[in-house]
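Reader: Before I use any labels from this model, I would like to see the reasons behind them. Please show me the structure.

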Amino acid sequence: MAKSHRNDAGNRLPTLFLDMEGNGLLKEAGATLGKTVIEAESSQVMSLFEKGLKKDTIYYSVCDEESIYDKVNQLQDVKCYFRLGINLPTRAAELLDKLLHKEVSIILASDRDKNKWLDHFQRSQSFLVYIDPMFQPHLMQRYRTLQEQEEQDPEQELELDIEKARNTLSDAEVRIFEKILEGKSNRKIAEECFLAVATVNNHVSHLTKKMRANDRTHTIKRAIEEGWIKIS
């Protein structure tokens with residue numbers, strides 16, 4: 001599944017892949033496109049940006065399922081133009097539910113046949129966003145589940161007790177969290193609050209850590225548990 005508009009000029013942007021498979025295909029794929037391919041240890045990914053990423057270069061790092069989401073979170077705050085790709089097996093499709101909330105450009109199914117994987121890798125270079133069709137059944141099932149929940153559950157308003165929230169969060173984080181409760185994306189929050197998306201990402205990352213949560217959805221659950229939210 002991919003957006004219909006092509007990205008022929010944008011495919012010169014540096015690409016960073018987080019690779020759960022570690023099968024070496026990314027190195028071969030880069031070579032077929034005439035791109036430089038650089039491997040980095042998982043612990044060294046963030047240091048790549050200190051030196052600066054180069055055009056027509058593919059960077060990749062092998063990550064396990066436990067660390068890949070943390071890496072994606074860290075990369076949301078990077079102030080640099082690059083494409084973020086994820087190479088993961090279809091057995092890890094549940095990760096998509098978290099990854100689709102992040103700025104990820106490419107998601108490939110690493111357990112494809114080699115030639116088919118290389119074909120989809122090449123296709124991904126021509127689109128701003130590309131999700132391997134092998135993940136479509138999971139995405140469609142997830143969509144149906146969400147639709148059923150919306151039909152069954154009446155719309156509820158979540159009201160934040162600001163004074164309680166201020167005991168843990170800064171004033172700026174409280175304002176951002178109120179927008180999260182309204183269901184706004186980080187980009188939408190940035191537009192409404194006249195902030196850079198990177199600034200909003202930073203606030204969301206900080207408040208998530210302060211609330212000992214894993215992601216935006218978990219922050220809401222934690223706030224309910226702490227008695228910060230009234231549901232009406």
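Author: What follows covers two loop residues and one helix.

Author: This is a predicted model, where local features need pLDDT of at least 70, side-chain atom pairs count only at pLDDT 80 or more, and totals for chains, interfaces and linings use all residues. Residues are numbered from 1 along each chain as its sequence is written, and side-chain values use heavy atoms, with hydrogens and water left out.

Reader: Why is Asp56 called partly exposed?

Author: Buried means under 20% relative accessible area, exposed means over 50%, and partly exposed is in between (1.4 Å probe, protein chains only). Asp56 has a relative accessible area of 26%, so it is partly exposed. Its phi is near 55°, a positive value in a residue other than glycine.

Reader: What makes Phe194 exposed?

Author: Its relative accessible area is 78%, and therefore Phe194 is exposed. Phe194 also has a positive phi, about 55°, although it is not a glycine. It lies in the loop between α9 (186-193) and α10 (197-210). Helices are DSSP runs of H or I with at least four residues, strands are runs of E with at least two, and both are numbered from the N terminus.

Reader: How do you know that the span of α10 is close to the expected one?

Author: The expected span of a helix is 1.5 Å times one less than its number of residues. α10 has 14 residues, and from its first C-alpha to its last it reaches 20 Å, close to the 20 Å expected.

Reader: Which residues of α10 are buried?

Author: They are Ala198, Val200, Asn201, His203, Val204, Leu207 and Thr208.
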